[in-house]
Structure formats: C-alpha cells, structure tokens
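Student: Please take one part of this model and look at it closely, following a single strand outward to its neighbours.

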Amino acid sequence: AAKIGPVQYLTLTDAFEAGSMQMGATIELLQDANFTDEAESLTASGDITLDTCGFSIQSDNANITVARNGRLTVKNSRGTDVTLNIPIFIENSAVLEASGDALLSHVSVSNGGTLICTAGTIGLLTLAGSGTDYNITLADGNGYCTVSDGIAAENSDVTVENLLKKHPNLALHAGNGQIPRSETIESIQS
C-alpha cells in the first residue's frame, strides 16, 4: 500500500500510475512492498519522488523503469536507509536520484540516462545500450556510492573513463589495485 497526499492506493503499481499523471507527486510507502508471485513493472514518468518512509521494496520478478524524460527521486523521510531490492532501469534522458544511504540491488543505465547516487551501495551496475554517453554521479564532497557486485556494459567500447567522466579525481578499484581509466568495462569483467 502507498499514498500520494491524502489518497491511499492498494498497490504500489496503482500509486506509480497515479503519480505519473501528476507533476511532482510524492509516493509514500505505507508498508514493505514485496512482489513475489507475479512480474510487475512500475513505471515512473514525469517527476516522481518515492519516499520509502522506512520501508523497503523487494522483488525477484518486478522492476522499476524510469521512463524517457522522467525523473525518480528516492528518499527515506524517516531515516537514512533506502532499500530497493528490485531492478531499476533508467531510460535515455531519464534520471534516477537516490538520497540517503541507498541500497540498490541492480541499476541499469541506458545510453543518455542519468544516475545520481552519492551514498550507499549499488549491487550490480549495468551500462546499457550501444553508446558511451552515461551521466553517472557516484560521489560528491560528502560521500560516495560503492558498487559491490560488479559493473557490466553491453557495449564493448565503454571504458572506465565513460563511467567516471564526471569525476576526474575518482578512481575505480578492483582486487588489489586501481583500474586505468582507459580500460574497457568488458575487460574488467573477464
């Protein structure tokens, strides 16, 4: 269950559909959301804030898509932890911004998409599409986001430089050392 302002929705899917119709809607979780039985796709189009209110979203089958020209801001007004154990897909010209200590299981950024996560952890980060133009912010003056389970790229030409272009002083580390910015993401995976 979730709500937008005083209006309550039985499902998170219904809340996302209603939120996409309102500019600047804030969806507040009223309980943990678990998608276990069926595949669901939650779509954020327009400008939506998802306030987890201390709850989490869990799923093996569902996903969240931030649609082209959409923006999804994820926060927790009742603390710092934001837990989304659900794949999140960011389309071209779409933005996902996670505040607080975000725990995101899988984020896939399309060429031209924007990810802003400057605290917390992303499990798997996928750079999707055939281009190399990703707008990814993983650090600011106050903190950084770690990627715990790996980085994958669909395009074999994507380099560490493409990933970290907004961070000239940031380095990517794996194993026992720093990875050169000219290294392709594909070669890191193998």
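Tutor: Strand β6 (residues 47-51) is joined by five bridges to strand β9 (residues 71-75), and the two run parallel. Strands here are DSSP runs of E of at least two residues, numbered from the N terminus, and two of them pair if DSSP finds at least two bridges between them. The model is a predicted one, in which local features need pLDDT of at least 70 and side-chain atom pairs count only at pLDDT 80 or more, while totals for chains, interfaces and linings use all residues. Residues are numbered from 1 along each chain as its sequence is written, and side-chain values use heavy atoms, with hydrogens and water left out.

Within the pairing of β6 and β9, aspartate 47 stands opposite arginine 71, and isoleucine 48 has leucine 72 of β9 as its bridge partner. Isoleucine 48 also stands opposite alanine 25, which brings in strand β3 (residues 25-29), joined to β6 by four bridges and again running parallel. Four of the five residues of β6 are buried, so this strand is largely enclosed by the rest of the structure; buried means under 20% relative accessible area, exposed over 50%, and partly exposed in between, with a 1.4 Å probe and protein chains only.

These strands belong to an open sheet of eight, in the order β2-β1-β3-β6-β9-β11-β13-β15, with mixed pairing. Its edge strands, each paired on one side only, are β2 (7-9) and β15 (135-137). Neighbouring strands of the sheet are turned by 15° against each other on average, direction ignored, where the axes are lines fitted to C-alpha atoms (for helices over the stretch in contact) and angles run from 0 to 180 degrees between N-to-C directions.

Returning to β9, lysine 75 has its place in this strand and, at 33% relative accessibility, counts as partly exposed. Not counting residues up to four places away in sequence, lysine 75 touches Thr49, Leu50, Asp51, Thr52, Val82 and Ser99, contact meaning heavy atoms within 4.5 Å. Lysine 75 and glutamate 28 are 47 residues apart in sequence, and their C-alpha atoms are 9.8 Å apart in space.

Leu72, the bridge partner of isoleucine 48, is also among the residues that touch the most other members of the largest nonpolar core, which has 52 residues. Such a core is a set of buried Ala, Val, Leu, Ile, Met, Phe, Trp, Tyr and Cys residues joined through side-chain atoms within 4.5 Å.
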